[in-house]
Amino acid sequence: MDAQTYSLQHFTDRDGLPSVYLYDMIQHPDGHLWMTGESGLYRFDGHVFEKHKRLANLEGEVVDFQIDNSERFWLKSLNGNFLQLLGDSLIRDPFEIRTNTYTFIELAEAPDGRLFLAKPESVYVADQDSVWQFPADRTDQNLQGRKKFHVWGDSTLLMFTLKGVHAWTGENYAYWPFKDVQLEDGALIVHEDGDRLLVGSSHRLYYFYPADGIIEPAFEAFWPDFAVGLLSAYLDAEKRLWVLLSDGMITLEPDLDGRYTIRRHLSERTMGNIIADHEGNYWMTTEKDGLYFVSRHLLRQLDFQAGNQPIAIVERDAQGRLLIGFEDGRIVLFDAALNVLVDKKISPDRTRLYEVFIDQKGHFHFFTSSCYLECDAQIREVRRNCNGSFKCGHPSNGERLWLGTNRDVCYLKGDKMVPVLNTRTYSILGIDAENAWLGTVDGLYHYRNGKLKLIGQPELQVDIRAIQQDKSGLLWIGTYDQGLIVYDLTQDTVLHHFTTQNGLSSNYCRKIWLDDDSAWLATKRGVNRIYYDSKRIEVIGRDEGLPSLEANDISKIGGHLYVATNRGVVYFPDSIRLWRDPPLLDIKSIRIGERDTSFYPEYRLAHFENNVKIEFVGITFLHAKDVEYAYRMEGVDKDWNYSKVGVAQYPALLPGRHRFRLKTRTYNTDWSEEKQMTFHIAKPFWKTLWFMVLMALMIGGLGLWLGYLWVQNANRRGKVERQLKATQLTALRAQMNPHFVFNALNSIQEFILSNDSREANRYLSQFARLMRNVLNFSETSRISLEKELETLRLYLSLEALRLGDQFNYEIQIHPGIDIQKSLIPPLLLQPFVENAIKHGLMHKNGPKNLYIRFYPQGKMLFCEIEDDGVGREKSMEIRQQNPKIYPSKAISLTQERLELLSAISDGTMSVKVIDLYDTSGAATGTRVILSVAEIA
């Protein structure tokens, strides 16, 4: 049985790989892995596989490709297409030398920049200006058949053929034929190994020395193992040879004597190409089974029939024998050569194995969920105790056996269990017969000389799962969910507390192994190593080769660490160094608003282009899922933002200069060098200095102009108000015209002569009140509507006394008008009322009616004065026939008042005269509509 193999990670379409049919693979200088398959060209950054969209509908499968120094992709397909891809630009047959279907093409870029293109029967050379065929006469028989290019040194391009090697150094050309050797027609392999090249074809490998053109057999003893067909070969830094065949993969591993041991992997798989990435990991393509990955650390996995049961324990005894314990109670004991000695169940079914301890006599102590069992060196039962579910145990120098169960801590005295503490316990460290440390679900206890003490440090009053003591006496304590604690028992002080916050991969620490320079932890997410001096933490996980992140136990055996996982046992040398370079940082996209843009160190943007989204990725193939980013936009972020999502978005950058800083790391690395870019967000034009100066000048000018207008308006308003007062006095004098006064006094005289003193007195009293109101209002610009109505009623009552019973008047006021708060110019309405009586109603025979209505419209107060007199046209005819009837000056003066009032009240005063007619067209009166004031 071959009991050792590498821990391989497998990628298929279930992991996002576009196709499991793969042909070729290379790594781009930016760190991305590119591979070809049956449906195009794919890219992998350690996180996701992406299919190149430009090649999605390409005719024919892309089987081979290369990248030149200008980062152009050169592709060839099964149907003979030869293409050049630069970004999203695709050029078909760029040399215009299309080959026949299923023929091969090799391409290389010489150190001087020329491109060499090899077809089965010829070679073409291309520079910036032209393409020509080599040789000029096209008769060189040594160019026939398959070819392979290789750049050697700084100036030489080598082309291997089946018969020899062609070399171009600038314009110089040389040819070295193979002596006594001819490569077989098949896939050519060329790999650099110091000052020589490893060359292979079909079933054999050779070393070629470019300095003198000598070729000699290599690994000749293994040629029979290559019989199924060589497809690719790679010689790593440790001189380990990886050989990919049409029926699996083999590795030839050197020992100290220079001899090689052959190991077989991936049997019955058709392999493709092998490369090493920038981190030193190995990648293998297959024809139908996707992609395989081997960590650079090359953790070895024990290959035995593990079944589906997790492995709980791994130990090696003093004889060098290896004991593997399964969770279900099965144990397998190997000798030093990994041959199986014992394979048996040591407990009943449905029993869980928790721990094993090997004492000084070489006896095995097994602790299971149904019993405690002691066995001798041949795994023969010595004693059994089934009085509990045993989680752990520890002998104290052979003097006392401590037992931890699901309910208490006790020790064995003969066959009797003596209880010490009633609580579930998962870890015990016995020092001697009267001294032990007890790790319980309630915290850490110290038992000494019959006394039990709970350690008072709050950090230690947690669920404890592992305890070890180093050479200096410090306790290393693993917990269920609080990480690892280092406790100085002499000072009763917690010296260090390690959690996921400062580098652990998990806070669940199951087992601890203390080495000379570091502590090793088996956790729920891999193995962690903590260096004593620097406190640096390194992590071994799936990418390093663990078959499962669930590490259940760890032990050092000889110079190797053995780890029990849920999917097998791996081992690796204790000299392993996990620290490495940080991930390669790549900016995937920069989106400004709705526009995608390329990456530039500096951006100058308009004020509305301030919505910036940046996507980035840390390219690594070890712990890719644990990549962490730190980014900061200076001027926006006060401190670094930490995230495992490669996106930073700033939806509203303020005007000014903003520098974006970005770095990345993952387990076992420092922070990468920063990538930076600067965003200059312009100010909106209304915040620029020139605009502010212009606006200041404009505002200043506007202020001066408005000031000038205000002065002018004040002067005009003052002039208007003076004119208004003068007009008002004139209008008032005109309103109280002598004719009206004479008529009023005549009426009073008639009452006196007719001895009607009561009516004379009443009439005289009303006339006096009217005169007093006129005199009082002459110096007032506004009076209430109530006072205006009182004056109007006094006037109408006097006119009614003079005109007799045939004169009727009616004043109507809308209920929504507050006559006490509504203010109007004084005696504004009387001239229009007088005009209606004098020129409209006086010339009418029969009843004479006058209607005065007040109503609101919008925010304005309107007044209608309507009579059913002879109309304006008839009145004018009468006036023309009787020259003694003079037009009223009061109307024209009142209209002048209205114009002046409108000038100082935003044009709200107005008058409108409407002639009224019946259906036959005869005049039926006049209506005057006045807009007199705003409603209070």
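A nonpolar core here is a set of buried Ala, Val, Leu, Ile, Met, Phe, Trp, Tyr and Cys residues joined through side-chain atoms within 4.5 Å. Keep in mind that this is a predicted model.

**Exercise 1: the cores**

Find which residues touch the most other members of the largest nonpolar core, and which strand gives that core its largest share.

*Solution.* Start with the membership: the largest nonpolar core has 38 residues. Rank them by how many fellow members they touch, and M35, W283, L291, I614, F616, F660 and F679 come out on top. Now sort the members by strand: β61 (residues 612-619) supplies the largest share of this core, five residues. There's also another core lying apart from this one, with 36 residues, including L798, I837, F854 and L861.

Next, zoom in on F616. Skip residues up to four places away in sequence, and F616 still touches D586, I587, K588, Y629, Y631, V645, G646, V647, A648, F660 and L662.

**Exercise 2: Q469**

Work out whether Q469 is buried, exposed or partly exposed, and what surrounds it.

*Solution.* First, place the residue: Q469 sits in strand β47 (residues 464-469). Then check its relative accessible area, which is 31%. Buried needs a value under 20% and exposed one over 50%, so Q469 counts as partly exposed.

Now for the neighbours. Ignoring those within four places in sequence, Q469 is in contact with L429, I431, L474, L475, L489 and L514. Take L514 from that list: 45 residues separate Q469 and L514 in sequence, yet their C-alpha atoms are 7.9 Å apart. Finally, look for a polar partner: the Q469 side chain reaches the backbone oxygen of G473 at 3.1 Å.

**Exercise 3: a four-stranded sheet**

Give the strand order of the open sheet that contains β3, and say which strands form its edges.

*Solution.* Follow the pairing across the sheet: the order is β3-β4-β5-β6, and the pairing is antiparallel. Then look for strands that pair on one side only, which gives β3 (22-27) and β6 (49-51) as the edges. From one strand to the next, the twist averages 25 degrees.

For a closer look, pick β4 (residues 33-37) and β5 (residues 40-44), which are joined by five bridges. One residue pair to check is T36, whose bridge partner in β5 is L41.

**Exercise 4: a hairpin**

Identify which residue takes a positive phi in the hairpin of β33 and β34.

*Solution.* Begin with the strands: β33 (residues 330-334) and β34 (residues 340-345) run antiparallel and share five bridges. Across them, V332 faces D343 in β34. Then go to the connection, where five residues lie between the strands. There, L338 takes a positive phi near 65 degrees.

Note on methods: Residues are numbered from 1 along each chain as its sequence is written. This is a predicted model: local features need pLDDT of at least 70, side-chain atom pairs count only at pLDDT 80 or more; totals for chains, interfaces and linings use all residues. Side-chain values use heavy atoms; hydrogens and water are left out. Buried means under 20% relative accessible area, exposed over 50%, partly exposed in between (1.4 Å probe, protein chains only). Helices (H or I, at least four residues) and strands (E, at least two) are DSSP runs, numbered from the N terminus. Contact means heavy atoms within 4.5 Å. A polar contact is a pair of N or O atoms within 3.5 Å; within protein, one must be able to donate a hydrogen and the other to accept it, and residues adjacent in sequence count only if both atoms are side-chain atoms. Two strands pair if DSSP finds at least two bridges between them. Axes are lines fitted to C-alpha atoms, for helices over the stretch in contact, and angles run from 0 to 180 degrees between N-to-C directions.
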